[in-house]
Amino acid sequence: MRDRPRDDRRSRSDDRGQRPDRASEARPERKQDKIRVGSSRKVLEGAVNLLDAMFPSRDTGDRVRQAWMKQHHKLYDEAEREALLHTVDDVLRLRGRLDWWITGGKNGLPADARLRVAAYRILTSGAKADGLLWLFGGEDDAVGALLRRLEGHTLEHPDMPPAARHSVPDWIMPQLKHRFGADLDLELAAMLRAAPLDVRVNRLKTTREAAASALQAEGLRSQSTPFSPIGLRLSPQAYVNNTQAHGEGLVEPQDEGSQLAAQLVDAGGCKFVVDFCAGAGGKTLVLAAAMKNSGRLVAMDVSTIRLTQAKQRFRRAGVHNAETREIDGKWIKRHAEKAERVLVDAPCTGTGTWRRKPDAKWRLSQQDLNELVPRQAEILDRAARLVAPKGGRLVYVTCSVLVEENEDQVAAFLKRHPDFSLLPVNDVWAKTVGGACPVPGPYLSLSPGRHGTDGFFAAILLRS
């Protein structure tokens with residue numbers, strides 16, 4: 001079995017972060033309370049059950065978690081729910097390392113939710129194996145032997161291969177190395193940390209300063225995002241959806257990278273703008289504010305459910321110039337070459353969101369990537385038909401960090417469409433965002449390690 005010095009145990013407090021409004025003198029007691037609650041049988045059993053519900057489900061982790069908690073929330077008090085969800089997120093985030101400890105060696109076992117939760121408790125909190133055997137229905141020679149060999153170790157080990165150390169699937173390591181190069185360790189380490197909560201300020205209703213004050217009045221401290229002039233950053237544990245500020249449409253959760261990508265569309269002053277893959281309308285709200293509620297803004301998607309959600313968000317935000325429409329070939333034909341701006345937030349692998357959606361990396365496969373790349377190309381070709389000649393712009397956005405979905409996709413599009421050219425983001429940054437552009441261009445290419453945002457990519461394509 002792999003050996004590691006017992007005195008090399010490292011604190012993980014930097015990964016988890018702290019609530020910004022937590023009184024310093026109360027921290028020791030609260031920390032002990034959290035340790036006690038997080039080690040309770042009820043919480044650990046609940047974490048196992050929620051993890052089992054997530055896989056092999058193909059639904060998103062957020063939806064599975066929401067449905068499961070709705071069904072079971074009465075079984076837990078607030079502290080137990082927080083501890084349960086924290087355990088689940090950590091196990092998903094660190095699953096590669098946990099699986100390496102569980103499956104390796106002559107006496108390794110196939111990894112499952114129970115073994116992962118037990119290994120997580122031992123390797124991160126120093127729990128004893130004998131105190132966790134109840135998770136398996138009592139004494140099990142193979143399980144007991146495995147868990148006892150983990151005692152005294154931490155998550156890290158010098159023999160751990162890169163994919164396990166960074167807790168990502170083996171198959172995607174070549175693509176990540178291609179994307180990050182010498183920054184690979186920096187970026188994948190950042191993806192293992194919990195993401196802060198970024199919110200976008202609705203300029204149709206308020207200012208950033210007033211929104212920060214409104215959140216402060218409800219006990220949520222924030223600071224301005226470093227790049228986006230319409231963003232506020234809160235702690236990873238913050239939750240704003242139940243606040244009055246959110247209910248009145250003053251703020252909406254949205255990562256800073258997403259805010260920046262939407263601002264680069266440069267929709268201000270335009271008469272006709274299309275958000276071609278609008279989803280639930282997060283970026284559409286940015287466009288509406290930039291247009292100051294004037295002109296025509298069309299949010300399109302293939303999902304009627306997402307478009308219904310978008311309508312609800314438009315009403316809450318006070319947006320009046322946006323309409324929703326399912327993607328339709330006849331409508332595209334009737335409006336060909338009429339839109340001044342077309343935003344394509346394409347379906348992608350979501351590799352840029354792994355720090356806030358750690359389950360997503362374990363759902364992704366090489367086949368998914370192989371299917372997404374031609375689908376993105378098809379969507380781009382359809383959306384390009386809407387772009388007006390002589391200055392119309394097509395803005396291609398993904399929340400992926402993979403070159404295949406980003407730079408390679410844009411290069412292939414430009415070969416198919418010689419009437420389009422690349423407009424460097426640096427050329428429009430001052431007008432649309434302001435301040436110093438954080439990337440050298442010509443693309444917006446953001447990452448957790450370098451910029452503290454989700455991984456986001458945007459390319460501005462100008463039609464001549």
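Okay, let's start with one residue: lysine 292 is exposed, with a relative accessible area of 68%. The cut-off for exposed is over 50%, so this lysine makes it. Lysine 292 sits in the loop between H15 and strand S6, residues 296–301. Its phi is near 55 degrees, which is a positive value in a residue other than glycine. As background, most residues other than glycine have a negative phi. And before I go on, please keep in mind that this is a predicted model.

There's another residue of that kind. Glutamate 337 isn't a glycine either, and it has a positive phi of about 60 degrees. You'll find glutamate 337 in the loop between helix H17, residues 329–334, and strand S8, residues 341–345. Is glutamate 337 exposed, buried or partly exposed? With a relative accessibility of 41%, it counts as partly exposed.

Now the overall picture. We've got 22 helices and 12 strands in this protein. The chain has 464 residues, for which a compact globule would have a radius of gyration near 23 Å, and the value here is 24 Å, so the two agree. Along the principal axes, the C-alpha atoms fill a box of roughly 70 × 50 × 40 Å. Buried residues account for 52% of the 464. As for contacts between residues at least 6 apart in sequence, 73% of them join residues at least 24 apart.

Next, the sheet I'd like you to look at. It's an open sheet of four strands, in the order S2-S3-S1-S4, and the pairing is antiparallel. S2, residues 223–224, and S4 stand at the edges with a single partner strand each, so one side of each has no neighbour in the sheet.

Let's zoom in on S1, residues 197–201. Why call S1 largely enclosed by the rest of the structure? Because five of its five residues are buried. Leu197, Val199 and Val201 point one way from the strand, Asp198 and Arg200 point the other way, and all are buried. So a charged pair, Asp198 and Arg200, shares a direction on that strand.

What joins S1 to its neighbours? Four bridges link S1 to S3, residues 231–234, and those two run antiparallel. With S4, residues 251–253, S1 pairs over three bridges, again in the antiparallel sense. Arginine 200 is a handy place to see both pairings. Its bridge partner in S3 is glycine 231, and its bridge partner in S4 is glutamate 252. For anyone newer to this, strands of a sheet pair through backbone hydrogen bonds, either parallel or antiparallel.

S1 also turns up in the next part, the second largest pocket. The volume of that pocket is about 360 Å³. Of the 20 residues that line it, the closest to its centre are Arg203, Val286, Ala289, Ala290 and Thr432. Which elements give two or more residues to that lining? They are S1, helix H14 (256–263), helix H15 (282–290) and helix H21 (426–432). H15 gives the most, with five residues. By type, the lining divides into 11 nonpolar, four polar and five charged residues.

Another enclosed element is helix H6, residues 95–103. Eight of its nine residues are buried, so H6 is largely enclosed by the rest of the structure. Those buried residues are Arg95, Gly96, Arg97, Leu98, Asp99, Trp100, Trp101 and Ile102. What do they pack against? The answer is helix H5 (78–93), helix H7 (113–125), helix H8 (141–150), helix H9 (162–166) and helix H18 (360–363). Just after H6 comes glycine 105, with a positive phi of about 80 degrees.

Last topic, the peptide bonds. In general, most peptide bonds are trans. Here, though, the bond from phenylalanine 55 to proline 56 is cis, with omega near 15 degrees. Proline 56 is placed in the loop between helix H3 (41–54) and helix H4 (61–72). A cis peptide bond also joins glycine 441 and proline 442, and there omega is about 5 degrees. Proline 442 belongs to the loop between H21 and strand S11, residues 444–446. H21 is a helix we met a moment ago, among the elements of the pocket lining.

That's my tour, and I'm happy to go back to any of these spots on the screen.

Terms used. Residues numbered from 1 in each chain as written. Predicted model: local features only at pLDDT ≥ 70, side-chain atom pairs only at ≥ 80, totals over all residues. Heavy atoms only, no water. Buried < 20%, exposed > 50% of the residue type's maximum accessible area, 1.4 Å probe, protein only. Pairing = 2+ DSSP bridges. 1 Å grid on protein atoms, 1.4 Å probe; cavity = no way out; pocket = protein on both sides within 12 Å on 5 of 7 lines; lining within 4 Å. Points joined across faces, edges and corners; volume = space filled by probe spheres on them. Contact = heavy atoms within 4.5 Å. Rg over C-alpha atoms; globule rule 2.2 N^0.38 Å.
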